[in-house]
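Here is a short tour of how the strands and helices of one model fit together. Keep the viewer open while you read.

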Amino acid sequence: MHIYEERLSVPRSWWALVVLGGAGLAVGAIPFGVVAAATVATLGMAVAAAIVHAHGRVRIVVTPGSLVVGKRTIPIEALGMTEILDEREAFEWRTARANPYALLLLRSYVPTALRIELRNSYGGAPYIYVSTRQPMNLAAVLAFSRS
């Protein structure tokens, strides 16, 4: 049972770039013939679409006993204090204030984030940084899950 679920899908403009990239490949391959141009464009767009799709299918899921961030599952008991980060604070925690040992789920197209301290340096990490479009909702759900 999922208490909270969020998918960090990529912006629509990224899909437009996939199409434009395919058109650019087609134009570059025109000297080799129309069939070659269509083939190169189709293959290029397929590879780019697969990469964009994989990057945008990351999920944040809260279940009664755990927080699942991407491929990592963290028990709720290991989570400490949460801090909601606005755009400016999230940028600082991604750059100058970042700890190299922290667990990070970064998505540059998501401006807000949640920083969650990890008790007893779970897995050697002092905190987990989670890009999220709804940091207040996620923080509230985590607080509810702990109680």
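The text below goes through the two sheets of this predicted model and the helices that lie against them.

**The sheet β1-β2-β3-β4**

Let's begin with the open sheet of four strands in the order β1-β2-β3-β4, where the pairing is antiparallel. Which strands stand at its edges? They are β1 (4–7) and β4 (72–75); each has a single partner strand, so one side of each is left without a neighbour in the sheet. From one strand to the next, the twist averages 10°.

You can follow this sheet pair by pair. β1 and β2 (residues 59–63) are held in register by four bridges, and glutamate 5 has valine 61 of β2 as its bridge partner. Moving on, β2 and β3 are again antiparallel, with four bridges, and here valine 62 stands opposite leucine 67 of β3. Leucine 67 in turn stands opposite isoleucine 74 in β4.

Two hairpins are worth a look. One connects β2 to β3 through two residues. The hairpin of β3 and β4 also has two residues between the strands, and in it glycine 70 takes a positive phi near 65°.

The bridge counts given for three strand pairs and for one pair of the other sheet are collected here.

| Strand pair | Bridges | Sense |
|---|---|---|
| β1 and β2 | four bridges | antiparallel |
| β2 and β3 | four bridges | antiparallel |
| β3 and β4 | four bridges | antiparallel |
| β5 and β7 | five bridges | antiparallel |

**The sheet β5-β7-β8-β6**

The other open sheet has four strands in the order β5-β7-β8-β6, and its pairing is mixed. At its edges are β5 (79–85) and β6 (103–105), each with a single partner strand, so one side of each has no neighbour in the sheet. The twist averages 15° from one strand to the next.

β5 runs antiparallel to β7 (residues 113–118). Where does threonine 82 find its bridge partner in β7? The partner is isoleucine 116.

**Helices against the sheets**

Two helices pack on this sheet. Helix α3 (residues 87–94) touches β5, β7 and β8 (127–131), and its direction makes about 125° with that of β5. Helix α4 (residues 135–146) also touches β5, β7 and β8, with its direction at about 165° to that of β5.

Helix α4 has a part in the other sheet's surroundings too: α4 lies across β1, β2 and β3 (66–69), running at about 25° to β2. In this model, then, α4 has contacts with strands of both sheets.

How values were computed: Residues numbered from 1 in each chain as written. Predicted model: local features only at pLDDT ≥ 70, side-chain atom pairs only at ≥ 80, totals over all residues. Heavy atoms only, no water. Pairing = 2+ DSSP bridges. Axes fitted to C-alpha atoms, helices over the stretch in contact; angles between N-to-C directions. Contact = heavy atoms within 4.5 Å.
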